[in-house]
Every structure is written in structure tokens, then in C-alpha cells.
Amino acid sequence: MKSFKAIFEGYDWDSVKTQIAAVTQHDVERALSKEKLDIKDFITLISKAAKPFIEKMAKRSQRITQQRFGKNIQLYAPLYLSNECQNICTYCGFSMDNEIPRRTLSKAEIILEAQAVRKMGFQHVLLVAGEANKTVGTPYFLEAVRQIESIFPQISIEVQPLETEDYRQLHQSKVNAVLVYQETYHKEVYKNYHPKGKKSNFNYRLETPDRVGRSGMHKIGLGVLLGLEDWRVDSFFNALHIDYLQKTYWKTKYSVSFPRLRPAEGVQKPNFHMEDADLLQLICAYRIWNPDLEISLSTREHELFRDNLIHLGITSMSAASKTNPGGYVVEPQSLEQFEISDERPVSIIVDKIRAQGYQPVWKDWHPEYTSEKEKD
Amino acid sequence: MNNNFKIADRTFTSRLFMGTGKFGSGEEMKNAIIASESELVTVALKRIDQETNTDEILVHLRQPHIQLLPNTSGARTASEAVLAAELAREAMETNWLKLEIHPDPRYLMPDPIETLIACEQLAKKGFIILPYIHADPVLCKRLEDVGTAAVMPLGSPIGSNSGLKTIDFLKIIIEQSQVPVIIDAGIGSPSDAAKAMEIGSDAVLVNTAIATSTNPTKAAHAFKIAVQAGRMAYEAGLPAEQLAAKASSPLTAFLTDI
């Protein structure tokens, strides 16, 4: 079956790295003079040579985003269902080898948490879980969705990779989007970060967006964990992945997120530091290359950065997030997956959005659009 | 001069229709709609929040002189659109509907096959349908046959501000249509809107060009004047464009000497 793996295997990490390093300012000027940019131009825009062009890129990113998405910022909040996990991931607070209390929310607890999130104004919720297939698998997720479908018109999930049939069932049960991050496309070192558990299988994860795409899901979110490996090379592969998916599953929307490594209980420090200016450059590069891509910025990022990014290319933000199961009301003291950086309440975020002349959008989905069986 | 025109049984004075997306705030949208003097405003069902009465969009639109036109943006198939239409009829208390079926989320290209299927079903259910479609003259006639109230062919890709790239096809549609023709999508400037009216379209729908301008209220006003001017020019019967200067001594003058 057709998948991204075949395309991915046509590239190797070091050659891409060399290619990015060889970009000149002249290449950047040429790329920026084009109306439509391709994946090679994306390489140009994420290079060090493009750094002096950041102001020009930001202006273009702003213009394109306003034209395509308007002066709107969509708001969502994560709802952590479980921190049970059978994977060892060296950067994650939920890693199996971390001796933290494990918890999976019951039906009643899911409703309590959901109501708390809804009370803050959110109508788009992102369900998150670690990987514990026996206890927190598709039947559990379907049940969780059933508990909250009357509370939220828009439900996304960010859980372990599943099979196409699982995604089909979730989509029919009104899940709108699936987020799955490769973490790093550096296959040779992937295993060092993921030594144990199902997640250590690089290829199974790599082909997950294909399985989501085949299910007819409305939206797929991709990303890499910024800080693990060279962000420029990883971001190229991530863009290549999106490029392939967009052409293959053309009825699906795509979004990209930028999880920069954050401190968490019992985890190592980032290998590669990424400056704020680098992240801004990366976001603008994505936008200029791909005007239709949804771009999301989470509370991992600090206040000043988030406030200024509102009008520079992003389309959605989380706010007042809790990254622990039960974090909103059920058990606020439990351990988080990572420390969030922007802890401000939703009302402040909404004010910041409005202050920039943007409209906070709570609802932009109707669950009935996902009620139909996808025709194969 | 009677500038009014009708869609179904409703008479419109303004030929400028508006969209409600992409504005920086509900207030900004409201002011732009007032300045446009538009009487038909489309709003996406997926953006409507029925539960809380704080909806930033609807609260500004529920006025007697404004015909709400719910749209099915987000639907990928005929059956999704039909279901959405029924929900929209209930939520917005109107049987008017802008039928939008675009399976492609990037360029929002309308699916002609699904649109025709949905239009046929919805017409039987009593909807007043305005379908968003390609500038395809045959499709427009087919939609007319199954009971559409108007057709809304695109001028160029939605949100592109590229103007009337499809003008040759639009002219054929206008020539053949027995229902109002509203040019939707791609109109990027008041001069595009004026041109659309000059070639004889009954109305235009504008959103991005107004909502994402630096001053949406002023832009809405500019579009209003342009639409009026374009329509007036159409009614005045402009002389056809002349590519070459007229020869001062006719080539066939010799005929009178024979």
C-alpha cells in the first residue's frame, strides 16, 4: 500500500543537512520572489542564510494568513485522559520508567473535566493520552468521546498510533482531527529516545498519518519535538511529510504544531537549543510555503512570544492548559507531562487576541460533518 | 430607474451580498455590513453557536432588512450538506441556503457532482438554494433544471482576490441563465465588482476583500458604490469595446458608385 515510507527512504539525514547549510542569501531572495513556493524553497527559508530576512518573511506570513484565515484565532484546550504509558521516551514526564502515580480518568471524571473546560468557554477539546493499549485503547476513546460529544462540537485526539479501522470508528463517532507527531525523523537516533515500548518502532509511527488519511479523517496534525535533533532537518522532513499527505489524502486538512522541549519531571535537557527567532522563522517558512496549513501554538511557549505570534501566521492557540489527567478539577495536584509556560487564564488570552484586532473563535465545526460513513 | 431584483420571492435593493468570515471582531463585521447596505449575508453553520446566546456573528445579523443565508461550508458530500442544510434551517429559521460542497480544504473548489445531487434533494425539501459552483455554463443549466433559486459561479479561486479570471464562461452563464447569477469568490477590488456588474451579473458576493482590508467599513462602502456604478453602466447599455479605430472612409464605399 502506498505510504510516506517510500518517499522518506529516498532521502538521508546528512545530505539534507548539507543541503540546508549550503543555502545562500541569493537563494533566499529568489525563493521569496516567487509567488508559489515548493518544498525546495521551504529548505531555503528555514536555512541560516534566511535569518536576515526574518522581517520580510514575517510581513509576508502575516499577509498570507490574513488573506486565507482572516483575523481569527481558534481556541482549544487539551484534556488529558490518562498518563499510563508503556513506552520509555527519554524526554517525556509520562515515560514508563518515571515513578509517578498513574491515573486514567473514569467516565464520571471525564465528564467533570470536560465540563470544567467547557465552562472556560472552549468548544474544541483535544483528548490526550499516553500509550497503554490494553486499558486506554480505542474502546476507551470511543467511550470518552460518547461522554463529551454533547459538550464539545469539535473533538480532536492526540493518542498512540492506531490502525485505520480504529481511526474510522473514531471519525464516525465525531472525532474531527488526529494529531500524531513523529518526534524526530532522524531514524538512526530515534531508538535512543524511544528505547522501549511500541513507540520504538519508527516505521509504524512514520506510517500513522497514512492510516489516519485512509480513514477519511477531516484533519491530521503533524509536528516534531523541537530540541531533540537539528530542528532544520527535522522540519524539512515534517514538511515533506505534509506535502505528500496533502497530495494523497486531498480531502483532509493539515495542521502543524511546534512542541519545543519543555522541562518535565525526570527527563533530560534538549540536545539542540532553539531560539525564539528560530521558531518564528520556522513558522513563517511554513506559512509562506503552505498558505493553507493550520498552525497551532500551545502554552508551551512563553507569554510574550505567544502574544506577538497572534498576528504573524498562527491560526490556533490553546490556553490555560493542564497537562495532567484530572488537572482541571478532579486532581489538580497530579504530575504534569510537561510544565506549561503560559499559565495565564483564558480571559487574558482572549483580551490579548482582541487587542491585536483579532477575533477569538470558539466554534468552527459542526459535528454532523463527521457523522457520515466515508465512501472508500 | 428600478434597480431592484428578485431571488425567489424576495426583492433586493442592494446587489452587493456579503460574507461574515475573516473579520477581526463582530463589531468590525457589523460596521462593514452597515456600510455595504447589503441585504443578504451568508454565515457558516459551523461557526454558529446555538447554545450560548453570545454568538458574535448572529447577534449582529438578526435584522428585518437582512436575509440570512446559512452556508454549508465544511460539508464534503451531498449527504453531509443536506443534513447541514436541515440543521441550518432550524438554527437560523430560514429556508434560504448557500450550498457549498468543497471536499478540497485547500482551495475550497466546489464539487459539481455532489452539488447537483444535493441541490435536487434540497429543492424537493423546499429550500431556496444558491449554490457555489465553478463557472460552468452546463452545470448552471443543470442546476436550474433541478430547481435552484440562483447560481453563484466563482470569478476566481475563493479568497484569492484575483478578480474575474473566468469571465468568458461567466458571460455565457449570464447569457443563458433564467435564474439570477451572483458572482461569488475571487472579487478582490471594487473595480472587479464593477466589472462583474457591467457584464450583467445580477449581484456579487464579497467577503475576503472587505474583511481583510485595513479599513473594512471604508472598503465595504467602496464596494457598494462600485456595484451601483457597474449596474448603472450595464443598464445604460455601454457601447462595445472597439479594438481598432473606425476607418474614416468606409472600405465598401465603392458599392454606391457601381
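Modeller: Let's fix the terms before we start: a residue under 20% relative accessible area is buried, one over 50% is exposed, and anything in between is partly exposed. And remember that we're looking at a predicted model.

Biologist: Fine. Try it on E331(A): what makes this residue count as buried, exposed or partly exposed?

Modeller: E331(A) has 30% relative accessibility. The cut-offs are 20% and 50%, and 30% falls between them, so E331(A) is partly exposed.

Biologist: Which residue does E331(A) pair with in a salt bridge, and how do you know that it is one?

Modeller: The partner is R103(A), with N and O 2.7 Å apart. The rule asks for a Lys or Arg side-chain nitrogen within 4 Å of an Asp or Glu carboxyl oxygen, and 2.7 Å meets that, so the pair is a salt bridge. R103(A) sits in the loop between β1 (72–82) and α6 (107–119) of chain A, while E331(A) is in the loop between β8 and α15, 228 residues apart.

Biologist: What other salt bridge does R103(A) make?

Modeller: R103(A) also meets E109(A), at 2.3 Å from N to O. That is within the 4 Å limit, so this pair passes too.

Biologist: Why do R103(A) and E109(A) get the burial labels they have?

Modeller: R103(A) is at 22%, which is over the 20% line and under 50%, so we call it partly exposed. E109(A) is at 17%, under 20%, so it is buried.

Biologist: E331(A) also turns up around N324(A). What does N324(A) touch?

Modeller: Leaving out residues up to four places away in sequence, N324(A) touches Y80(A), E331(A), P332(A), S334(A), L335(A) and E336(A). N324(A) lies in the loop between β8 (316–318) and α15 (346–355) of chain A. At 3% relative accessible area it is under the 20% cut-off and therefore buried.

Biologist: On to F8(A) in helix α1 of chain A. Is that residue buried or exposed?

Modeller: Its relative accessible area is 8%, under 20%, so F8(A) is buried. Setting aside neighbours within four places in sequence, F8(A) contacts Y185(A), K187(A), F202(A), L206(A) and F237(A). F8(A) and Y185(A) are 177 residues apart in sequence, yet their C-alpha atoms are 9.0 Å apart.

Biologist: How do you know that the length of helix α12 of chain A agrees with its residue count?

Modeller: Helix α12 runs over residues 231–248, 18 residues in total, and at 1.5 Å a residue it should span 26 Å. Its end C-alpha atoms are 25 Å apart, which agrees. As for cover, 16 of its 18 residues are buried.

Biologist: What happens at the start of α12(A)?

Modeller: There, a side-chain oxygen of D230(A) comes within 2.9 Å of the backbone nitrogen of R232(A).

Biologist: Now the interface. How many residues does each chain bring, and what area is buried?

Modeller: Chain A and chain B each put 38 residues into the contact. The buried area is about 3,100 Å², with 41% of it from carbon and sulfur atoms. K46(B), R76(B) and R106(B) supply 24% of what chain B buries against chain A, more than any other three residues.

Biologist: What makes K46(B) and D364(A) a salt bridge?

Modeller: Their closest N and O atoms are 3.3 Å apart. With the limit at 4 Å, the pair qualifies, so we call it a salt bridge. The rule finds 2 salt bridges across the interface of chain B and chain A. There are also 19 residue pairs in polar contact between the chains.

Biologist: And within chain B, how do you know that R231(B) and E235(B) are about one turn apart?

Modeller: Both lie in helix α9 (residues 216–236) of chain B, 4 residues apart. An α-helix has 3.6 residues a turn, so residues three or four places apart point the same way. Their salt bridge is 2.7 Å from N to O. R231(B), at 11%, is under 20% and so buried, whereas E235(B), at 30%, is partly exposed.

Biologist: Last one: what stands out about phi in A185(B)?

Modeller: Phi of A185(B) is near 80°, a positive value in a residue other than glycine. Most residues other than glycine have a negative phi. A185(B) lies in the loop between β9 (182–184) and α7 (190–198) of chain B, and at 5% relative accessible area it is under 20%, so it is buried.

Technical notes: Residues are numbered from 1 along each chain as its sequence is written. Chains are lettered from A and ligands numbered from 1 in the order in which they are written. This is a predicted model: local features need pLDDT of at least 70, side-chain atom pairs count only at pLDDT 80 or more; totals for chains, interfaces and linings use all residues. Side-chain values use heavy atoms; hydrogens and water are left out. Helices (H or I, at least four residues) and strands (E, at least two) are DSSP runs, numbered from the N terminus. The expected span of a helix is 1.5 Å times one less than its number of residues. Buried means under 20% relative accessible area, exposed over 50%, partly exposed in between (1.4 Å probe, protein chains only). A polar contact is a pair of N or O atoms within 3.5 Å; within protein, one must be able to donate a hydrogen and the other to accept it, and residues adjacent in sequence count only if both atoms are side-chain atoms. Contact means heavy atoms within 4.5 Å. Buried area is the accessible area (1.4 Å probe) that two parts lose on being put together, summed over both.
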